[in-house]
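Reader: Please walk me through one part of this model in detail. Start with the overall picture, then zoom in.

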Amino acid sequence: MSGSVKPTRVSSNRAMKHYKVILFMLAPMALAFIICPQQFSGSGEVAGQRRGTRKVAAPQAARKAPIDYSKFSHATKQHQEACKSCHKTPTANWDKVREFPDVADYPDHDACVRCHRQQFFKGVQPVICTVCHVKTSPRDDARLAFRNPAAPQQFTIEFPHDKHQDVIASLRWRPKSDRAVNTFFVKSAHVLDDKKQNYYNCEICHVANTKALAAPATGWLDGYAPAIDTFKAAPDGHASCFNCHWKSQEPIRNNCGGCHKLANAPFVLPASHERKSIKFRHEGGGEKRTHAVPPTECTSCHINITKSATLRGLKPDVPITGCTECHNKSGIRQDLNKELASLDQDKKFVCSYCHTSNVGKLDPPASHYVVAERRALKRKDLK
Amino acid sequence: MKQTNSKQITWRTLGLALLASLAVTVVAQTPTALPDARAVIRLRVKVVLGDATKARGLSRKRFFLIKGSLAENESLIQSFEQRLLVSRDCYYRGLGASEALIRWLKASDCESVYCREVEPKDVEGADAVPEFQLAVAAGEKEFGSRELARKWLTVNLSDQIRDGFYKRQQQDLVALIKQAEELTKVKVMSVMTDRNGTAYFTDLEPGTYIISNILATEIGDRASLWNFEIKVKPEDLATEKPILISNPGNKDPRYVRNIKFVSVEKTLPACPAR
């Protein structure tokens with residue numbers, strides 16, 4: 001038995017030594033774990049950040065940046081509940097600020113407080129109040145205009161021109177007499193002698209622009225400042241939507257997402273317009289305003305609008321024939337021919353009847369030559 | 001066996017080279033359209049009503065461009081032709097709509113009440129439309145303004161009176177377009193005529209197409225259906241191809257010589273007794 005004891009003691013001593021070594025190794029690690037647990041809690045990402053450069057660590061710093069509660073974003077996940085959970089349609093103030101029932105104000109305090117109580121009562125002037133209020137003061141409840149024109153847009157609009165085009169007026173047929181069976185064409189929907197334009201057409205939404213045009217930062221090209229009515233206006237509210245889409249005709253007033261689609265990022269609508277033929281005035285066409293009155297109508301020139309199911313990628317799509325029906329017709333005008341003839345004489349000629357020099361100095365497109373019944377030419381080929 | 005000497009080989013090689021270079025030259029000289037060129041069809045629809053002598057543009061009517069020939073799409077065309085015709089008048093009579101409403105819709109060839117503004121005379125006085133009067137009364141109660149109630153009249157009309165006929169037409173149209181797209185494997189393009197009866201199909205590639213209005217158009221007491229074939233050739237690219245179409249009986253000297261296609265007309269069926 002004794003013979004067996006000795007080796008056991010030896011092995012026991014060795015084992016003790018091993019335990020001590022392991023203990024010495026593990027103890028500092030355990031200590032470090034107790035003192036700095038966060039260093040061990042992370043995933044590989046944190047470890048990676050520790051090993052990485054400062055640049056890699058930057059996103060973590062960005063994530064930890066304090067939230068700016070003065071900016072409200074519909075893109076925030078918590079803000080993507082049903083629209084009606086915050087917005088009322090119509091708002092209580094509609095009859096004071098609009099001529100029709102509308103969403104004309106910001107949501108009530110409850111919509112914010114139910115999640116943002118902490119921010120709502122933070123300090124004397126909580127920054128979150130500035131999202132809706134002009135002043136941050138309990139004594140002043142004045143609110144910014146809804147929607148705030150100074151704030152970037154958060155939604156794009158979905159509008160099918162084709163569907164709307166389908167339901168507007170057609171030719172006007174009228175009985176020869178009230179009791180006659182046969183009918184004949186009397187006049188069409190938008191004829192000159194209509195005292196009032198009661199017939200629905202594009203102008204329900206697109207009236208002549210009345211707002212002053214903002215010059216580009218670099219000034220108007222060639223010093224040509226377009227007239228205000230060069231452009232048409234586009235709807236910037238619900239006035240021409242809710243009159244049909246109030247109830248039962250979808251998308252109705254509470255189905256905001258039927259028309260408003262969250263944009264990938266907030267955006268600001270361009271202050272100035274881009275146009276190839278900036279000198280064309282929608283309300284122009286001489287004394288008779290031939291661009292704006294029958295027999296001309298919007299679809300005479302905007303030839304693809306009636307098949308457009310979305311606003312995405314929508315282009316004006318005005319073919320040169322829309323212009324040359326009058327501007328290059330024998331016996332009437334020869335504006336295109338004159339410009340092309342001038343170009344024949346001088347290859348540096350800048351077409352200026354319709355265009356400013358950014359477009360006028362380019363090669364005329366083949367379509368222009370086709371209309372002029374000529375072979376297409378490039379400036380470099382001219383003498 | 002016949003022996004081929006090196007001289008023969010040289011001549012053959014030279015001959016082949018000459019032929020190849022000629023072929024390259026011919027291909028290079030062939031006029032090609034501009035790389036981004038697409039053809040445009042300018043469709044003009046001029047129709048006469050009854051025994052009128054002057055033709056007028058058929059405004060605000062949809063026309064469709066379907067890929068393929070009439071022969072390839074025979075079954076599709078048959079579907080268009082065999083579609084059960086229900087006139088606007090019969091649809092609304094079937095609903096029990098007032099004669100005043102039927103007249104109001106007919107006055108501007110409206111498929112729905114969205115077509116034009118309801119004027120004060122349409123809700124007050126001798127020519128008032130009873131359906132409109134009821135809707136205005138409901139709107140006045142809701143909005144507290146008779147003027148707003150008139151302007152927003154459509155929100156207080158029943159679905160069927162408001163746009164039932166239009167939706168019925170659309171339902172048929174969607175089904176027929178789906179059938180066309182399944183058959184041709186190509187999206188059907190659509191455009192609407194302007195007030196002068198002109199519409200453009202743009203961005204077209206060479207090929208054979210059918211132009212159709214799919215649903216017969218009511219012109220007076222008749223329904224006109226156009227189904228005709230056109231060819232867009234490579235040389236049509238970067239140009240505008242004008243096509244004038246009409247209904248039977250158009251003798252207007254301004255157009256008669258240029259009419260390319262005439263519709264098939266049917267008399268609108270009588271309304272079933274209620």
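What share of the 274 residues of chain B counts as buried? After that, take a close look at helix α3 of chain B, where B:R88 is found.

Author: This is a predicted model, so local features need pLDDT of at least 70, side-chain atom pairs count only at pLDDT 80 or more, and totals for chains, interfaces and linings use all residues. Residues are numbered from 1 along each chain as its sequence is written, while chains are lettered from A and ligands numbered from 1 in the order in which they are written.

Of the 274 residues of chain B, 38% count as buried. Buried means that 20 or more other C-beta atoms lie within 10 Å of the residue's own; 12 or fewer is exposed, anything in between is partly exposed, and C-beta atoms are placed from the backbone. Chain B has eight helices and 12 strands. Both are DSSP runs numbered from the N terminus: H or I over at least four residues for a helix, E over at least two for a strand. Take contacts in chain B between residues at least 6 apart in sequence: 69% join residues at least 24 apart. A contact requires C-beta atoms, placed from the backbone, within 7 Å.

Now the helix. α3(B) spans residues 88-95, and B:R88 is found in it. B:R88 counts as buried because it has 20 C-beta neighbours inside 10 Å. Leave out residues up to four places away in sequence, and B:R88 touches B:L105, B:E111, B:F165 and B:E218. B:I102 is 14 residues from B:R88 in sequence; their C-alpha atoms are 8.2 Å apart.

B:R88 shares its burial with B:Y91 and B:Y92 in α3(B). These three cover an arc of only 90° around the axis, so they are on the same side of α3(B). The arc is taken over the directions from the helix axis to the C-beta atoms. An α-helix has 3.6 residues a turn, so residues three or four places apart point the same way. The buried residues of α3(B) pack against three elements of chain B: α4 (99-107), α8 (159-184) and β7 (217-219). After the helix comes B:G96, with a positive phi near 85°.

One of those packing partners leads to a sheet. β7 belongs to an open sheet of three strands in chain B, ordered β7-β8-β12 and paired antiparallel. Pairing takes at least two DSSP bridges between two strands. β7 and β12 (264-267) of chain B are the edge strands; each has a single partner, so one side of each lacks a neighbour in the sheet. Direction ignored, neighbouring strands here are turned by 35° against each other on average. Strand axes are lines fitted to C-alpha atoms (for helices, over the stretch in contact), with angles from 0 to 180 degrees between N-to-C directions. Four bridges join β8 (residues 222-225) of chain B to β12(B). In β12(B), B:T267 is the bridge partner of B:R222.

The helix also links to the nonpolar cores. Such a core is a set of buried Ala, Val, Leu, Ile, Met, Phe, Trp, Tyr and Cys residues joined through C-beta atoms within 7 Å. The largest one has 39 residues; B:I41, B:L43, B:V47, B:Y200, B:F201, B:Y209 and B:I211 touch the most other members. Apart from it lies another core of 27 residues, including B:Y91, B:A97, B:V113 and B:V123. B:Y91 is one of the buried residues of α3(B).

How values were computed. Two residues are in contact if their C-beta atoms, placed from the backbone, lie within 7 Å.
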